[in-house]
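Here is a short dialogue on reading a protein model. The learner asks, and the teacher answers from the coordinates.

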Amino acid sequence: MAHQLTAPLGGGVQPRLEINTFVQNDRMFSLYVQALNEMEQLDQSQLPSWFQVAGIHGLPFIEYDGSVGDNGFVADPQNQWAGYCTHGSTLFPTWHRPYVMLVEQIINHHAQQIAGTYKTYDRREWVDAATKLRQPYWDWAENIVPPPQVISLDQVEITAPNGRRKNVTNPLRRYTFHPIDPSFPLPYSRWQTTLRQPSRTGPNAKDNVTLLVNTLSNSQRSTTSDTFSMLTRIRDWNHFSNHDPTFGSANSLESIHDNIHVLVGGNGDMSDPAVAAFDPIFFLHHANVDRLLSLWSAINPGVWVSPGNAGAGTYTLAFNQSVNAQTPLTPFWKTQSRFWLSNQVTDTSPLGYTYPEFQGLSGNKQALQKAIARKVTNLYGPGSAPMSRRSIEGDIVNNQKRDQQLIQRANPLTKLLDGGKYSDWTARVVFDRSEVGHSFSVILFLGDVPGDSTEWLTCQQFVGAHHAFVNGMPCASCSSKSMEEGFVSLNPYIAGSSNLSSFEAGVVAPLLTQGLQWRVLRTDGQAVDVKSLQVTILEVPLQLLPGAFLPTVGEVITWSNITQGRTGGQPN
């Protein structure tokens with residue numbers, strides 16, 4: 001019998017909460033921790049177990065809940081990508097929506113059962129909290145380092161059903177396999193648990209939390225800038241949805257998503273699509289990816305899934321098969337006989353959840369577009385202040401002065417903005433993602449490159465990076481030529497680490513010509529040459545006009561001479 005995704009959940013339309021807020025809500029957090037522990041401890045053969053649900057994404061490349069393709073099609077792992085996930089496809093954003101819903105509903109089910117066992121005076125409040133519980137998200141664009149309850153605490157304190165405080169195993173820290181599946185390749189077959197940024201690959205490898213924090217922190221400025229550019233400059237679905245080249249000027253949702261995977265994983269699970277979903281941080285990450293889909297959709301009303309192809313394929317989609325908004329989002333059953341479709345998940349409210357940015361807003365599309373654009377600029381725009389959780393429940397009182405207020409905030413970028421007008425300097429990187437056979441990073445520096453490659457992502461000369469999230473399992477279609485496009489924002493580094501007086505070309509171009517360098521680093525720490533790599537510098541004129549709710553984008557200028565004639569640069 002198919003496991004249906006019932007929609008909506010009980011409790012009406014409830015907001016998914018950002019993880020830093022979520023961990024402060026004792027009832028929600030206590031129930032979530034207990035529910036997630038139950039899901040992780042279920043026998044790995046059971047459909048609602050963490051192992052089976054996480055295994056939908058990639059390994060062990062087996063059928064989930066009777067979900068096969070047209071005419072019984074099932075992928076051969078030797079010939080194509082055989083996980084259900086739709087990476088590199090126009091379905092990438094929408095496929096992950098019911099995936100997060102599935103985890104959310106299983107956890108909600110456990111939470112309601114657990115709440116029913118509370119014997120405290122406030123038992124009704126616990127039952128109410130369980131009904132309203134939704135999957136939290138991690139807003140890495142604003143605060144890229146998750147709280148200790150996610151990355152460093154082996155145990156967390158919760159309120160137990162008897163009303164007493166209790167330390168329990170932290171299910172967000174890692175997943176412990178019981179047992180490791182025989183389909184796992186090295187190094188994952190050696191590891192009893194999921195790992196983040198491990199320093200070694202042997203059976204005794206452990207998380208390197210310090211390296212994880214330093215690596216994430218160094219990418220905060222570029223991640224925030226990249227997110228703002230994506231949400232405010234991309235207008236078409238093909239460019240927004242996936243990392244295939246579209247010759248634009250901003251990262252796709254999938255590209256930014258890929259960056260976070262590699263930054264978290266290093267040489268660990270999150271950096272490999274085949275095993276990434278087993279790490280519990282995966283669903284915090286993808287809830288935020290889903291939130292960004294909601295924000296972008298509000299800013300671009302009426303723009304939804306456009307036809308494309310399935311790329312390397314999936315468990316139920318053949319290599320390069322045509323896909324569109326009516327393609328079944330397998331293995332997620334909507335009824336006993338039909339799967340969810342992209343056109344059925346355009347709005348989250350009927351699915352039982354929303355995000356804080358949408359609470360209290362009108363359903364009028366034009367008003368919603370304007371309000372969300374303002375909140376996006378407030379959160380991630382040039383005058384925003386990442387690393388602190390700001391209230392976004394209300395709007396700025398005086399909308400006419402809003403943009404000027406934003407650009408006058410204490411932020412290194414503000415000293416280079418002239419009445420809201422500036423140039424956004426960006427490195428466009430293009431390469432064949434199949435060339436390395438492993439996840440890797442194209443890393444940009446201004447100044448000398450450290451001799452020790454382990455310092456490349458954490459050094460002061462680091463400008464930013466584009467990270468390729470590559471399946472490490474060999475398959476014919478996975479190793480066929482597949483070009484990928486990504487963008488690295490240079491403005492945050494220029495503003496925060498140089499003495500330049502403006503973003504004008506006469507000031508910035510000489511700095512980049514003289515000091516910009518790049519290297520390619522596999523997640524296992526090996527520096528490599530990528531023959532297909534091409535780095536080009538773009539200047540994008542932007543202006544935040546008074547009263548406008550989106551920046552005005554001028555004609556993009558390509559500065560070929562900055563990288564011309566260099567290995568991996570613009571050809572002569």
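## Reading the model

A polar contact of 2.8 Å joins the side chains of D139 and Y380. The model is predicted.

Q: Where does D139 sit, and is D139 buried or exposed?

A: Buried means under 20% relative accessible area. D139 has a relative accessible area of 0%, so D139 is buried. Its place is in the loop between α5 (123-132) and α6 (148-151). The partner in the polar contact, Y380, is one of the buried residues of α12.

Q: How do I check the length of helix α12?

A: Use a rise of 1.5 Å a residue. Helix α12 covers residues 365-380, which is 16 residues, so the expected span is 22 Å. The end C-alpha atoms of α12 are 22 Å apart, which agrees. Its N-terminal end is capped by N364: a side-chain oxygen of N364 lies 3.0 Å from the backbone nitrogen of Q366.

Q: How many residues of α12 are buried?

A: Twelve of the 16, so the rest of the structure largely encloses α12. Charged and polar residues are not excluded from the list: the buried ones include R374, K375 and N378.

Q: What does the span test give for helix α4?

A: Helix α4 has 24 residues, 92-115, and at 1.5 Å a residue they should span 34 Å. The end C-alpha atoms of α4 are 35 Å apart, which agrees. Burial in α4 comes to 21 of its 24 residues, so this helix is mostly covered.

Q: Which residues does W304 touch?

A: For contacts, leave out residues up to four places away in sequence. W304 then touches T94, R97, W237, L293, S297, S342, N343, V345 and T346. One of these contacts has a polar component: the side chain of W304 reaches the backbone oxygen of S342 at 2.9 Å. T346 is 42 residues from W304 along the chain, yet their C-alpha atoms are separated by 7.8 Å. W304 lies in the loop between α11 (281-299) and β4 (308-309). At 13% relative accessibility, W304 counts as buried.

Q: Which backbone geometries deserve a second look?

A: Most residues other than glycine have a negative phi, and most peptide bonds are trans. Now the exceptions here. A cis peptide bond joins H178 and P179, with omega about 5°. P179 is in the loop between β3 (165-169) and α7 (209-218). The bond from T330 to P331 is also cis, with omega near 10°, and P331 is found in strand β6 (residues 328-333).

Q: Where are F61 and Q197, whose phi values are positive?

A: F61 has a phi of about 55° and is in the loop between α3 (50-54) and α4. Its relative accessible area is 13%, so F61 is buried. Q197 has phi near 50° and is found in the loop between β3 and α7. Q197 is buried, at 8%.

Q: What does UniProt list for this chain?

A: An unreviewed UniProt entry lists residues 87-104 and 279-290 under "domain: Tyrosinase copper-binding". Residues 87-104 are 72% helix and 0% strand. Residues 279-290 are 83% helix and 0% strand.

Q: How do I judge the overall fold?

A: Compare the radius of gyration with a globule rule. With 572 residues, a compact globule would have a value near 25 Å; the protein chain has 23 Å, which agrees. The secondary structure comes to 16 helices and 17 strands. Of the 572 residues, 61% count as buried.

Conventions:
Residues are numbered from 1 along each chain as its sequence is written. This is a predicted model: local features need pLDDT of at least 70, side-chain atom pairs count only at pLDDT 80 or more; totals for chains, interfaces and linings use all residues. Side-chain values use heavy atoms; hydrogens and water are left out. Helices (H or I, at least four residues) and strands (E, at least two) are DSSP runs, numbered from the N terminus. The expected span of a helix is 1.5 Å times one less than its number of residues. Buried means under 20% relative accessible area, exposed over 50%, partly exposed in between (1.4 Å probe, protein chains only). A polar contact is a pair of N or O atoms within 3.5 Å; within protein, one must be able to donate a hydrogen and the other to accept it, and residues adjacent in sequence count only if both atoms are side-chain atoms. Contact means heavy atoms within 4.5 Å. UniProt positions are given in the numbering used here, feature names are shortened, and annotations may be inferred rather than shown by experiment. The radius of gyration is taken over C-alpha atoms; the globule rule is 2.2 Å times the number of residues to the power 0.38.
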